[in-house]
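The following exercises are to be worked through with the sequence and the structure at hand. Each task is followed by a solution in steps.

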Amino acid sequence: MAVQLYKLPISAPPKPITPNSRPIKMLTTNTISVTSQASSTQKVLSKRKLPILLFDIMDTIVRDPFYHDVPEFFRMPFKELMECKHPTAWIEFEKGLIDERELAKIFFKDCRPLDLEGLKNCMKRGYSYMGGVEALLKDLKENNYEMHAFTNYPDWYMMIEDKLKVSTYMSWTFCSCMTGKRKPDADAYLEVLRRLEVDPGNCIFIDDRMTNVEAAQNVGISGIQFKDAASLRRELSNMGVETCSKN
Ligand SMILES: Nc1c(NC[C@H](O)[C@H](O)[C@H](O)COP(=O)(O)O)[nH]c(=O)[nH]c1=O
Ligand SMILES: [Mg+2]
């Protein structure tokens, strides 16, 4: 009996990409086999709801505590913090090249001691869903959209997950600390397309930073700049995405 192979998205644990990654719920592509006789089953199994929605996280889905809470934690204005911070340590941390202990050693240019636990607690306190976003994610989930996080963030994304359970709505599939690639580098977007095995025209990318949106558009992905939940809902709807609540 002939056996045909179909590829479809299923929920499965992610494959670790770097030693820094820790598996949490993730959507991936897998191969299953079905017999040629089960034609109706084949149609269902090979169907993938499009477009796939790719979400930036910080200041799109989750409030970023960096701009207000962190300067307050260090009791200095944001400008002063930026002047005394190490210029590349955070980026290395986001790329998974250093861990939080190494970050703590070089967080400040002059290597003054850092209260790492205090800083992490400050971040945890500051994470919250952006206004109206969780309701929108709920509606998109009810409409069966495949959604992935596509974020520049270190393994502290797990602190966000612990607090807000973002994986209820989307998979933490593309975190820079796991892929080693950061937006707006074209390679970060090409990696997403490669791993999802999807055409760029079948994806919509949402990010608060226009540079990241433009980089997506440069590889053929439709982009929306996030301003607030209401306008995002409107723009998605204009692009044919079903955002109505099923209740
Ligand atoms: N916490 C520190 C940050 N945070 C700023 C942003 O969170 C960060 O730049 C991130 O890249 C944004 O992620 P997303 O792409 O919007 O999901 N920046 C610093 O320089 N130093 C920090 O300690
Ligand atoms: Mg952002």
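**Exercise 1: The surroundings of ligand 1**

Determine which residues of this predicted model lie closest to ligand 1, and describe the polar contacts made there.

Solution. Step 1: ligand 1 is surrounded by 17 residues, and the closest are Asp56, Asp64, Lys85, Glu94 and Thr151.
Step 2: a polar side-chain atom of threonine 151 is found 2.6 Å from an oxygen atom of ligand 1. For lysine 85, a polar side-chain atom lies 2.8 Å from a nitrogen atom of the ligand. Methionine 58 takes part through a polar backbone atom, 3.1 Å from an oxygen atom of ligand 1.
Step 3: taken alone, ligand 1 exposes 530 Å², of which the protein buries 91%.

**Exercise 2: The magnesium ion**

Identify the residues that coordinate the magnesium ion (ligand 2), and classify aspartate 56 as buried or exposed.

Solution. Step 1: Asp56 (OD), Met58 (O) and Asp208 (OD) coordinate the ion at 2.2 Å.
Step 2: along the chain, these donors follow the spacing D-x1-M-x149-D. Aspartate 56 is in the loop between strand E3 and helix H2, while aspartate 208 is in the loop between strand E6 and helix H11, 152 residues apart.
Step 3: the relative accessible area of aspartate 56 is 5%, so this residue is buried, the limit being under 20%. Aspartate 208, at 22%, is therefore partly exposed.

**Exercise 3: A nonpolar patch**

State where methionine 82 is placed and which residues form a nonpolar patch on the surface with Met82.

Solution. Step 1: methionine 82 belongs to helix H3, residues 78–84.
Step 2: its relative accessible area is 41%, so methionine 82 is partly exposed.
Step 3: the patch consists of Tyr67, Phe78 and Met82, which together have about 250 Å² of accessible area.

How values were computed:
Residues numbered from 1 in each chain as written. Chains lettered and ligands numbered in written order. Predicted model: local features only at pLDDT ≥ 70, side-chain atom pairs only at ≥ 80, totals over all residues. Heavy atoms only, no water. Patch = residues over 30% accessible without salt bridge, like charges linked within 9 Å, V, L, I, M, F, W, Y side chains within 5 Å. Areas by Shrake-Rupley, 256 points an atom, 1.4 Å probe, with all protein chains shown as cover. Salt bridge = Lys/Arg side-chain N within 4 Å of Asp/Glu carboxyl O. Helix = DSSP H or I, 4+ residues; strand = E, 2+ residues; numbered from the N terminus. Buried < 20%, exposed > 50% of the residue type's maximum accessible area, 1.4 Å probe, protein only. Near = heavy atom within 4 Å. Polar contact = N/O pair within 3.5 Å; in protein donor to acceptor, adjacent residues only side chain to side chain. Donors = N, O, S within 2.8 Å, 3.2 Å for Na, K, Ca; no water.
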